[in-house]
Amino acid sequence: MTKILPIFIFLFVLVNSFGQSQRLKGFIVADSLEGFAINIVNYTKKIGTTNDERGYFEIPAAINDSIIFSSVQYDIVSLIVGESDVNNENFRITLTPVVRKLDQVHISDVNLSGNIDKDTKGIEIKPFVNNESLGLPFRGIKQPTQVERRIYTAKSGIIDRPINYLNGTLKKLKKIKAIQDLDKLIHRGETSFSVTFFINDLGLPEDLISDFMYYCAEDNYFENLLENTKKLSLLEFFQTKAKSYKELKEID
């Protein structure tokens, strides 16, 4: 009996420690954050969330998980969760505003008189030219994004491909594409119905609609419903997910 007791205590502590969910929680520090929701994605676990109006966030995360913070107005920040980060209430992540370089402005040498009818007659308007107007192939085909083109370039060539694979460039580009694809999916979900539907019909707070979309995106069926524009099925899907989501968030 004396030998069994220590083993029992060890197993109890082990099971109890595994049962405790590890989470990364803290505050986002950024200029003019009020009114903006930052996309917070656990790339390792393929789950996401957003911050509240104070900048506070909370997301399931374990040591060595890859966490991505992204938004339109701030530079993307990626971090690997360390042992001291998990369940640390004082965790802070600082975001830097995106600096966008404006295209070069060319000043026209056309002299205008101020009379619209007279000035429009003196301006030569060139016809809009594209593949379709010229009768060339590939018209109407969706063009690849900048990241997709960079991935294609990184995978091309006998020398470039293994180099980009070993130095992590290809992996980083694929990670950025996955984040962009998830952001597009969340946006499509948010705009699939009006805001009043999510607030009045589903009973969700407005500031948690984006968070609810990340919750829905964990189900692969969600993307299928959006791709095939199955409105009725999507509505029923949202209603079912809203029940479990509100129980998870303890929303009455």
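Student: In this predicted model, which residues in helix 10 do Tyr221, Phe222, Leu225 and Leu226 in helix 9 meet?

Tutor: The model is a predicted one. Contact here requires heavy atoms within 4.5 Å. On the side of helix 9, the residues involved are Tyr221, Phe222, Leu225 and Leu226. Their counterparts in helix 10 are Ser233, Leu234, Phe237 and Phe238.

Student: How many nonpolar, polar and charged residues does the contact of helix 9 with helix 10 have?

Tutor: Tyr, Phe and Leu count as nonpolar, and Ser233 is among the residues that helix 10 brings to the contact. By class, the contact has 7 nonpolar, 1 polar and no charged residues.

Student: Is helix 9 roughly parallel or roughly antiparallel to helix 10?

Tutor: Helix 9 spans residues 220-227 and helix 10 spans residues 231-249, and their axes lie 9 Å apart. The two pack at an angle of about 150 degrees. An angle over 145 degrees counts as roughly antiparallel. Helix 9 is therefore, relative to helix 10, roughly antiparallel.

Student: Which strands stand at the edges of the sheet, and why is one side of each left without a neighbour?

Tutor: The open sheet consists of 3 strands with mixed pairing, in the order 4-1-7. Each edge strand has a single partner strand, so one of its sides has no neighbour in the sheet. The edge strands are strand 4 (56-60) and strand 7 (91-94).

Student: Which residue in strand 7 does Gly26 stand opposite?

Tutor: Strand 1 covers residues 23-29 and runs parallel to strand 7, with 4 bridges joining them. Opposite Gly26, in strand 7, stands Phe91.

Terms used
Residues are numbered from 1 along each chain as its sequence is written. This is a predicted model: local features need pLDDT of at least 70, side-chain atom pairs count only at pLDDT 80 or more; totals for chains, interfaces and linings use all residues. Side-chain values use heavy atoms; hydrogens and water are left out. Two strands pair if DSSP finds at least two bridges between them. Axes are lines fitted to C-alpha atoms, for helices over the stretch in contact, and angles run from 0 to 180 degrees between N-to-C directions. Angles under 35 degrees count as roughly parallel, over 145 as roughly antiparallel, 65 to 115 as roughly perpendicular and the rest as oblique.
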